[in-house]
Amino acid sequence: MKYKRILLKLSGESLMGEKQYGIDSDRVIQYARDIKAVFDQGIEVAIVIGGGNIFRGLSAEKSGMDRVQADYMGMLATVINSMALQDALEKLSVKTRLMTAIKMEQICEPFIRRRAVRHLEKRRIVIFGAGTGNPYFTTDTCASLRAIEIQADVVLKGTRVDGIYTADPEKHPDAVRYDEITFQEVYDKGLNVMDMTAFTLCQENKLPIIVFDMNKPGNFMKIASGEAIGTLVK
Ligand code: UDP
């Protein structure tokens, strides 16, 4: 296996499967199986999930809500998703801990970096919920931040496209996928990998990002074992 400790970022929308809203349980089970397979190879796995399938602060602001209030609602949405994935993983007998940036003592632990690292060392999958705990941030930024804090080797961004393309492959069929690209090239070409805060954090801390298609069963294992099936940003 190529990595010892990885941070997997999943968007909230990816949990919808074919649905328009909410959580598709088949998709969550598929992700849990893929994650367990990688974890069973001895890799330490930490996970951040978005909340876009349930609530997005920015969209709610556009419909007239106070942004800060809406962002807190978005953070709560990530906790719902995290709990769904935690449940699916535990059904597969994987030990997990959910740690959140907003305290919710009845359902999870507060995020404490040293404790998170300890859980990983003790062979538990750690899910980081409630984003960074701050409005105006995203779960991508949470993923970069937590990855740096726990000294992960890489951020694996699981999406529905299999990497970074010269243009949006869903709109431009002739777009070409990069196997590898530098942080600087991403800036220069104006490509969209993560939001700028998240991206800059990775660049400044020399933390590589791999964008890959998480929806194809088995892909996560290929990525974790070093196969070049996505786009590596370094
Ligand atoms: N959010 C936030 N601070 C954070 C992380 C998330 O305020 O540190 C809120 C924000 O409103 C965001 C929502 O939670 O729209 C869901 O997260 P995100 O949009 O990153 O989810 P994804 O796009 O990955 O599904």
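Three helices, α2, α3 (67–91) and α5 (139–149), each contribute at least two residues to the shell around the ligand, and I should say at once that what we are looking at is a predicted model. Of the elements that take part, α3 gives the most, with six residues. In total, 25 residues surround the ligand, and the closest are G50, G52, G57, G74 and G131. If we sort that shell by class, we find 14 polar residues, seven nonpolar ones and four charged ones.

Let me turn now to the record. UniProt, in an unreviewed entry, places the feature "binding site" at G51, D71, T132, G133, N134, P135, Y136, F137, T138 and T139. These positions are spread over 89 residues of sequence, and yet they cluster in space, since the largest distance between their C-alpha atoms is 14.1 Å.

Two of these residues are worth a slower look. Both N134 and F137 are found in the loop between β5 (125–129) and α5. Is N134 buried, exposed or partly exposed? It has 15 C-beta neighbours inside 10 Å, and therefore it counts as partly exposed. F137, by contrast, counts as buried, because it has 20 C-beta neighbours inside 10 Å, and a residue is called buried when that number is 20 or more. Which residues is F137 in contact with, if we leave aside its neighbours within four places in sequence? They are G131, T132, C142 and T197.

The unreviewed entry in UniProt also lists "binding site" for K9, L10, S11, G12, G52, R56, T159, Y165 and D168. Here the residues are spread over 160 residues of sequence, and they are also spread in space, with up to 25.6 Å between C-alpha atoms.

From this second list I have picked L10 and R56. L10 lies in strand β1, which covers residues 5–10, and it counts as buried because 25 C-beta neighbours lie inside 10 Å. Once we set aside the neighbours within four places in sequence, L10 is in contact with Y31, I47, I49, G50, G158 and M214; you may remember G50 from the residues closest to the ligand.

R56, on the other hand, lies in a loop, the one between β2 (44–49) and α2 (57–62). Why does R56 count as buried? The reason is that R56 has 20 C-beta neighbours inside 10 Å, and 20 or more is what the cut-off asks for.

Notes: Residues are numbered from 1 along each chain as its sequence is written. This is a predicted model: local features need pLDDT of at least 70, side-chain atom pairs count only at pLDDT 80 or more; totals for chains, interfaces and linings use all residues. UniProt positions are given in the numbering used here, feature names are shortened, and annotations may be inferred rather than shown by experiment. Helices (H or I, at least four residues) and strands (E, at least two) are DSSP runs, numbered from the N terminus. A residue is buried if 20 or more other C-beta atoms lie within 10 Å of its own, exposed if 12 or fewer, and partly exposed in between; C-beta atoms are placed from the backbone. Two residues are in contact if their C-beta atoms, placed from the backbone, lie within 7 Å. A residue is near a molecule or strand if its C-beta atom, placed from the backbone, lies within 6 Å of it. Ala, Val, Leu, Ile, Met, Phe, Trp, Tyr, Cys and Pro count as nonpolar, Asp, Glu, Lys and Arg as charged, and the others, Gly among them, as polar.
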